[in-house]
Structure formats: C-alpha cells, structure tokens
Amino acid sequence: MDPAIQPLDRVFLHLGPITIYWYGVIIGTGVLLGLWIATREAVKRGLAKETFVDLVLLAVPIAIICARTYYVMFEWDYYAKHPAEIPKIWEGGLAIHGGLIGAIITGVVFAKRRGISFWKLADIAAPSIILGQAIGRWGNFMNQEAHGGPVTRHFLESLHLPDFIINQMYINGQYYHPTFLYESIWNLMGFFLLIMLRRINLRRGELFLSYLIWYSVGRFFIEGMRTDSLMLTDHLRIAQVVSIALVVLAAGLWMVRRVKGWAKERYLD
C-alpha cells in the first residue's frame, strides 16, 4: 500500500451532532437539478409549475425507501445479522432499479389522481432521471464503491483520468476500474440523446421508453465489470437480468402501443 494516497473525506460537513456526507449532497444535487429541468419543460407542455415539485416530494422518499429495500433484500444474509445497519443509507447501498420501480409506481398513482397522462409525465421526467443518475454515481465515487475489477495505475493513467479519480480508485492497496465513471458518462450521453429526441416529436411515452432502453443497455455491460453486484445466483447478476427485462419490456411496449393505436398523441402535442 502507498500511504501517500489517502481517500477523499466522505464527510461534507459537521453541524454539531449532525454529519452530512458527500453521498447525500451529490444525490440531492442531482435531484434538484433534475427537478429544475423537469419543471421548465412541464411549464412548456402546459402543466402547472408545481406539478413536479409535488411529484418529487412524494417520489424521492419513496424511491429511496424502495432502493434501500431492494438492496437489503438481496443482501439479507448480512443485514439479518446487522439490522442496525439497514437505515445507514449514507454509507451507500441504494439500488437504482429499486428506486426506479418505486418512482414509476408513485408516478402512475400521482398521474391518475391529478388527471394527467402518466406517459406525458414520464417523457418530461426522463432526461432529468438519467441526469440525476449520472450525477448520483459520483456519490459512489466518494464512497469508493460501485467499482470494477483490479487494474494497474498505468491503465488508469492511459485513460487520461485526473489524479483525484485515479487516487480514489486506490482501495486497500489495489487500483480498480472506475465503473462509476463509465456509467456516469453513459448516462450523461443518454441525457443529451433524450434532449435531442425531444425535437423529433416522438409519440407520447416513447421518450421515456428510449430512456429505459438506453440506460439498461449501458447498465448491462458496465454491471458485468463490477465486483460488488447483487447476485440472483452464483452466476447471474440481478442488475443484468433486470436490464435485459427492461429492454425487452420497453421495446415490446413501444411496438404494442403503436400497433394498438395507444400512442397517437405526440410528445410536443
């Protein structure tokens, strides 16, 4: 081990007995930026300005609870022995797929009660969701988690990464693939793709389905590089199975909605 290389401090701020971690600050930043973008777009599409504020106030806590529940469920052998660790979300352990499931269910119920098309809400939210995911991965960076297998420092330098990333990937005497970064870049590319797709006036719901397909394809391949995956069996990674299922589901819905005439309205209508 190189004692000269020390991990970045996970603590953002101490306020008396309260400790604020970078993990929470980064995720919160992603949520706020996504909310700002979604609210601007919602107003353009004729929705009340407070629509997404109200939705986020419901969806974010539910998504966090679902993300943690999902993670704990597949790591139950550990948490059954350490139940006091379950609430410690600042240490990581939020499964994005669990959060996505919670957010979608909340969105469906919210849309029904407000008399708004769920697909319209989902299309507006899609770029914000993937941007939030791109930003949120840097919380994993601060916690030195969601990394891939071992590599050399020379390999990381060959990627032209700044020293602060390379050094943060030095964990217990070994350098690792910065898979958090790969996924963050993939998601950021997805954000710009969705912004471009807005201009071609897809049918309602297809922007959100495009998000599901783009995110899931990237997640499938990047997940295969990780060393901390939640496992369904000894050889099946849960995130990869869910990613394949989401691609098939999204593509199937895309085709069925068009064939059945369920997607006549367009995003810009």
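Two strands count as paired if DSSP finds at least two bridges between them. In this predicted model, that test is met by E4 and strand E5 (residues 174-176), which run antiparallel to each other and share two bridges. Within this pairing, Ile171 sits opposite Gln174 in E5. The sheet itself is open and holds three strands, in the order E3-E5-E4, with antiparallel pairing. Strand E3 (150-151) and strand E4 (170-171) take the edge positions; each has a single partner strand, so one side of each goes without a neighbour in the sheet.

Stepping back to the whole fold, the protein chain has 10 helices and five strands. The C-alpha trace spans about 60 × 40 × 35 Å along its principal axes. How does the radius of gyration fit with that of a compact globule? For 269 residues, a compact globule would come out near 18 Å, and the protein chain has 20 Å, so the two agree. Of the 269 residues, 44% are buried. The accessible surface adds up to about 14200 Å², and carbon and sulfur atoms account for 67% of that. As for how the chain meets itself, take the contacts between residues at least 6 apart in sequence: 73% of these join residues at least 24 apart.

Now for the inside. The largest nonpolar core has 48 residues, and Phe52 and Tyr211 are the ones with the most contacts inside it. Quite a list of helices gives two or more residues to this core: helix H1 (22-44), helix H2 (51-74), helix H4 (96-114), helix H5 (118-142), helix H7 (163-168), helix H8 (179-197), H9 and helix H10 (238-259). Which of them gives the most? That would be H5, with 11 residues.

Helix H9 (residues 206-223) deserves a look of its own. At 1.5 Å a residue, its 18 residues should span 26 Å; the end C-alpha atoms are 25 Å apart, so the helix agrees with that expectation. H9 is also mostly covered, with 13 of its 18 residues buried. Back to Tyr211, then: which residues does Tyr211 touch once its neighbours within four places in sequence are left aside? The contacts are with Leu100, Ala126, Ile129, Ile130, Gln133 and Leu194.

Methods
Residues numbered from 1 in each chain as written. Predicted model: local features only at pLDDT ≥ 70, side-chain atom pairs only at ≥ 80, totals over all residues. Heavy atoms only, no water. Helix = DSSP H or I, 4+ residues; strand = E, 2+ residues; numbered from the N terminus. Expected span 1.5 Å × (residues − 1). Buried < 20%, exposed > 50% of the residue type's maximum accessible area, 1.4 Å probe, protein only. Core = buried A, V, L, I, M, F, W, Y, C linked by side-chain atoms within 4.5 Å. Contact = heavy atoms within 4.5 Å. Rg over C-alpha atoms; globule rule 2.2 N^0.38 Å. Areas by Shrake-Rupley, 256 points an atom, 1.4 Å probe, with all protein chains shown as cover.
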